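Student: Could you walk me through this model with a few questions and answers?
Tutor: Happily! Let us have the picture in front of us before we begin.

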Amino acid sequence: MKLITRAQWGARPSRYALTHIGSTRGVKIHYEGTHVPASLGRPDAHDQCAPRVRAIQASHLANREEDYSDIAYNAVVCPHGYVFEGRGAHRKTGANGTATLNSQHYAVCALLGSSGLTEPTDAQLAGLRDAVEWLRRDGDAGDEIKGHCDGHPTACPGGPLYAWVQRGAPRPGSGGGTSTPAPKYEPFPGVEWFKRNPRSPAVTAMGRRLVAVGCSAYREGPGPQWTEADRRSYARWQQRLGYRGADADGWPGRKSWDALKVPKV
């Protein structure tokens, strides 16, 4: 991966302390959504990319309505395949639309526009894959690769880039097929997600699996709202796996979640 750190691209300090996030379901792909000069895609134009990333950060910090802490993205990828560190790994994004969406996925932005430079280069697609794999390795991102428009009403990341996402975000030269198969089971959404008392079909699916494996503490349900009965049932599952004490407190962890095999909803 051709990583350009915050210090290397000249990032300004964050306005506020960035929110730590333990893990995500995956990564959402974004684009700038404004005009990006087609000339930025020229092989000899890479010296224009760092100033553009600095300009994005400056515009976000100047947006007092949204009150961004920093550049909204976890990473930005230029047409030449370089990955600019944004907020980085284990930092909640500010780009996906709502606090819930920002907790569920990291955000990676391609320097592409709604006019001008609209088609990603092969180098840029490779860089996007590098960014996704970096966030999986260093940020505990799950398997999902989605577009910003998945779950939020927006045209982002634009037609050409979203078509690539829908193909499974294949690395160039891999044959153009789906490089990341759709997961069969629900990816682990992170322990903090459960501690926010979520309401989700994934909670129902989890509860049904707990009933199926004989770990039910439910008097009714299970249903989509996370409750104390879900936590007690999950604690029984952790004990079934051999966990004890604080390791069997009923708050899901990645290993126990993966072992439960919650069906994809």
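**Rings, cores and loops**

Tutor: The structure holds five aromatic pairs; rings of Phe, Tyr and Trp (its six-membered ring) pair if their centres lie within 6.5 Å, with planes under 30 degrees apart called stacked, over 60 edge-to-face and the rest tilted. This is a predicted model, where local features need pLDDT of at least 70 and side-chain atom pairs count only at pLDDT 80 or more, while totals for chains, interfaces and linings use all residues. Residues are numbered from 1 along each chain as its sequence is written, and side-chain values use heavy atoms, with hydrogens and water left out.

Student: What kind of pair do the rings of Trp 193 and Phe 194 form?
Tutor: A pair of aromatic rings is described by the distance of the centres and the angle of the planes. Here the centres of Trp 193 and Phe 194 are 5.0 Å apart. Their planes meet at 85°, so the pair is edge-to-face.

Student: Is Phe 194 buried or exposed?
Tutor: Buried means under 20% relative accessible area, exposed over 50%, and partly exposed in between (1.4 Å probe, protein chains only). The relative accessibility of Phe 194 is 1%. Phe 194 therefore counts as buried.

Student: How many residues apart in sequence are the parts that Phe 194 and Trp 257 tie together?
Tutor: Phe 194 and Trp 257 form a tilted pair, 5.5 Å centre to centre with 55° between the planes. Helices (H or I, at least four residues) and strands (E, at least two) are DSSP runs, numbered from the N terminus. Phe 194 lies in helix H6 (residues 191–195) and Trp 257 in helix H9 (residues 254–260), so the parts tied together are apart in sequence by 63 residues.

Student: Which residue has its charged end over the ring of Trp 193?
Tutor: A charge sits over a ring if NZ of Lys or CZ of Arg is within 6 Å of the ring centre and within 35 degrees of the ring normal. Over the ring of Tyr 82, 4.4 Å from its centre, sits the charged end of Lys 2. For Trp 193 the distance from the ring centre is 5.3 Å, and the residue is Arg 25.

Student: Which element gives the largest share of the largest nonpolar core?
Tutor: A nonpolar core is a set of buried Ala, Val, Leu, Ile, Met, Phe, Trp, Tyr and Cys residues joined through side-chain atoms within 4.5 Å. The largest one has 46 residues, and Phe 84 and Val 108 touch the most other members. Among the elements that give two or more residues to this core are strand S2 (24–31), strand S6 (105–110) and helix H4 (122–139). The largest share, six residues, comes from H4.

Student: Which residues of H4, such as Leu 128, does Val 108 contact?
Tutor: Contact means heavy atoms within 4.5 Å. Leaving aside neighbours within four places in sequence, Val 108 is in contact with residues including Val 27, Ile 29 and Val 77. The list also has Leu 128, Ala 131 and Leu 135.

Student: Where is Thr 24, and is it buried or exposed?
Tutor: Thr 24 is found in strand S2. Beyond its neighbours within four places in sequence, Thr 24 is in contact with several residues, including Tyr 106, Phe 188 and Arg 254. At 0% relative accessibility, Thr 24 counts as buried.

Student: Is Ala 246 buried or exposed?
Tutor: Ala 246 has its place in the loop between helix H8 (228–240) and H9. Its relative accessibility is 66%, so Ala 246 counts as exposed.

Student: Which residue does a cis peptide bond join to Gly 221?
Tutor: One cis peptide bond joins Cys 156 and Pro 157, with omega about 15°. In the bond of Gly 221, omega is about 10°. The partner lies in the loop between helix H7 (201–212) and H8, and the residue is Pro 222.

Student: What is the phi of Asp 67?
Tutor: Asp 67 is found in the loop between H2 and S4 and is partly exposed, with a relative accessible area of 34%. Although Asp 67 is not a glycine, its phi is positive, at about 55°.

Student: What share of the protein chain counts as buried?
Tutor: The secondary structure of the chain comes to nine helices and eight strands. Of its 265 residues, the buried share is 48%.
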